[in-house]
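Let's take a relaxed walk through a protein model and see how its pieces sit against each other. Have a look at the sequence and the 3D view first.

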Amino acid sequence: SVFPTVGVFTSNMLYFAPYPAVTRVRKTHSLQGVNAVPFALMLLSTVSWMAYGLAVPNPYIVASNLPGVVVSAWYVSSSLPLAPRGEGRAQLEGILVGGAASLAVEFTAVRFLAAEAQRAGILGLCATLLCVVLFASPLSTIAEVVRTRNSATILGPLTAAQCSNCALWTFYGLAIMDVWVWGPNSAGLLLGLAQLALRCLFPSESPDVHEVEALSNPTAEVT
């Protein structure tokens, strides 16, 4: 029980990592370069993992996601009204609307169509897919990092915390033989290590410049 207990703590620490950046956004009424897309992905992902945790049931999974649902909803409600109109805002709204519709279809199918023994597996698969997307979201900057040879958009301490968190949940998932726990977490661990490798290959030239943007790209595991 040590791994999931510590994992609950580290997961929630990562969920709250963007809190200072969002607080500044609310005070200044400007996104200031903060990327709100990961907030929307975090909200959808934590809701999915909450559903899986309740279906299994597993109190550790529920405890590690309930605060994430609340705080990510606050992140989205704080950043969406400030998103500039255009392609960026349309993308954010599309993720939220499409994700909400997908979750509604998923929950309806699980509740009324799937056999009881299959429900947890379906919810775990959907949560895993969202989780991997959330993990990979900061890697969208990989081309810029390689092109500029500057990894300022990847926040080292946050990524290191992600690796530690994913390692804890991977060990726990293997211990209870739950592929939906160790599978996405092992993927998140590899993606986190890849980001740390970029930090080593292309050291940040100005770490403070992109601090807010990096903090707005959380990749915490959501189990």
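How are H8 and H9 oriented to each other, roughly parallel or roughly antiparallel? To find out, start with the angle: this is a predicted model, and in it the axes of helix H8 (residues 156–175) and helix H9 (residues 179–201) cross at roughly 155 degrees. Angles over 145 degrees count as roughly antiparallel, so H8 and H9 are roughly antiparallel to each other.

## The whole chain

Before going further into the pairs, here's the overall picture. The chain has 223 residues, and buried ones make up 47% of them. Its secondary structure comes to 10 helices and 0 strands, so if you read along the sequence you get the pattern α-α-α-α-α-α-α-α-α-α.

What about contacts across the chain? Take the contacts between residues at least 6 apart in sequence: 82% of them join residues at least 24 apart.

## Back to H8 and H9

Two packed helices are described by the angle between their axes and the distance between the axes. You've already met the angle for this pair; as for distance, the axes of H8 and H9 come within 8 Å. The crossing of H8 and H9 is left-handed. On the H8 side, the contact includes Gly-156, Cys-163, Cys-166 and Trp-169, and on the H9 side it includes Trp-182, Asn-185, Leu-189 and Arg-199. Sorted by class, this contact of H8 with H9 has 12 nonpolar, 10 polar and 1 charged residues.

Now find Met-177, which sits in the loop between H8 and H9. Met-177 is not a glycine, yet it has a positive phi of about 55 degrees. Is Met-177 buried or exposed? With a relative accessibility of 74%, Met-177 counts as exposed.

## H3 and H4

Next up is helix H3 (residues 37–55), which packs with H4 at an angle of about 155 degrees, their axes being 8 Å apart. That angle makes H3 roughly antiparallel to H4. H3 also passes H4 in a left-handed crossing. Plenty of names turn up where they touch: among them are Phe-39, Leu-43, Trp-49 and Met-50 in H3, and Ile-61, Asn-65, Leu-66 and Val-76 in H4. By class, the contact of H3 with H4 divides into 16 nonpolar, 6 polar and no charged residues.

The loop between H3 and H4 is the place of Pro-57. Have a look at the peptide bond leading into Pro-57 from Val-56: this bond is cis, with omega near -10 degrees.

## A closer look at Asn-65

You've just seen Asn-65 in the H3–H4 contact; this residue lies in helix H4. How accessible is Asn-65, and does that make it buried or exposed? The relative accessibility of Asn-65 is 0%, so Asn-65 counts as buried.

You can also check a distance here. Asn-65 and Ala-51 are 14 residues apart along the chain, and their C-alpha atoms are separated by 9.8 Å.

## H2 and its two partners in the story

Helix H2 (residues 19–28) has three buried residues to look for: Ala-21, Val-22 and Val-25. Those residues cover an arc of only 95 degrees around the axis, which puts them on the same side of H2. Two of the names come back in the contact with H4: Val-22 and Val-25 are among the H2 residues that meet Trp-74, Tyr-75 and Ser-78 in H4. In that contact of H2 with H4 there are 5 nonpolar, 2 polar and 1 charged residues.

How do H2 and H4 (residues 59–79) pack? Their angle is about 30 degrees, with the axes 10 Å apart. Angles under 35 degrees count as roughly parallel, and H2 and H4 are therefore roughly parallel to each other. The crossing of H2 and H4 is left-handed.

Finally, step just past the end of H2 and you reach His-29, in the loop between H2 and H3. His-29 has a positive phi of about 55 degrees although it is not a glycine. At 60% relative accessibility, His-29 counts as exposed.

Technical notes
Residues numbered from 1 in each chain as written. Predicted model: local features only at pLDDT ≥ 70, side-chain atom pairs only at ≥ 80, totals over all residues. Heavy atoms only, no water. Buried < 20%, exposed > 50% of the residue type's maximum accessible area, 1.4 Å probe, protein only. Helix = DSSP H or I, 4+ residues; strand = E, 2+ residues; numbered from the N terminus. Arc of directions from axis to C-beta. Axes fitted to C-alpha atoms, helices over the stretch in contact; angles between N-to-C directions. Parallel < 35°, antiparallel > 145°, perpendicular 65-115°, else oblique. Left-handed = near helix turned anticlockwise from the far one by under 90°. Contact = heavy atoms within 4.5 Å. Nonpolar A, V, L, I, M, F, W, Y, C, P; charged D, E, K, R; others polar.
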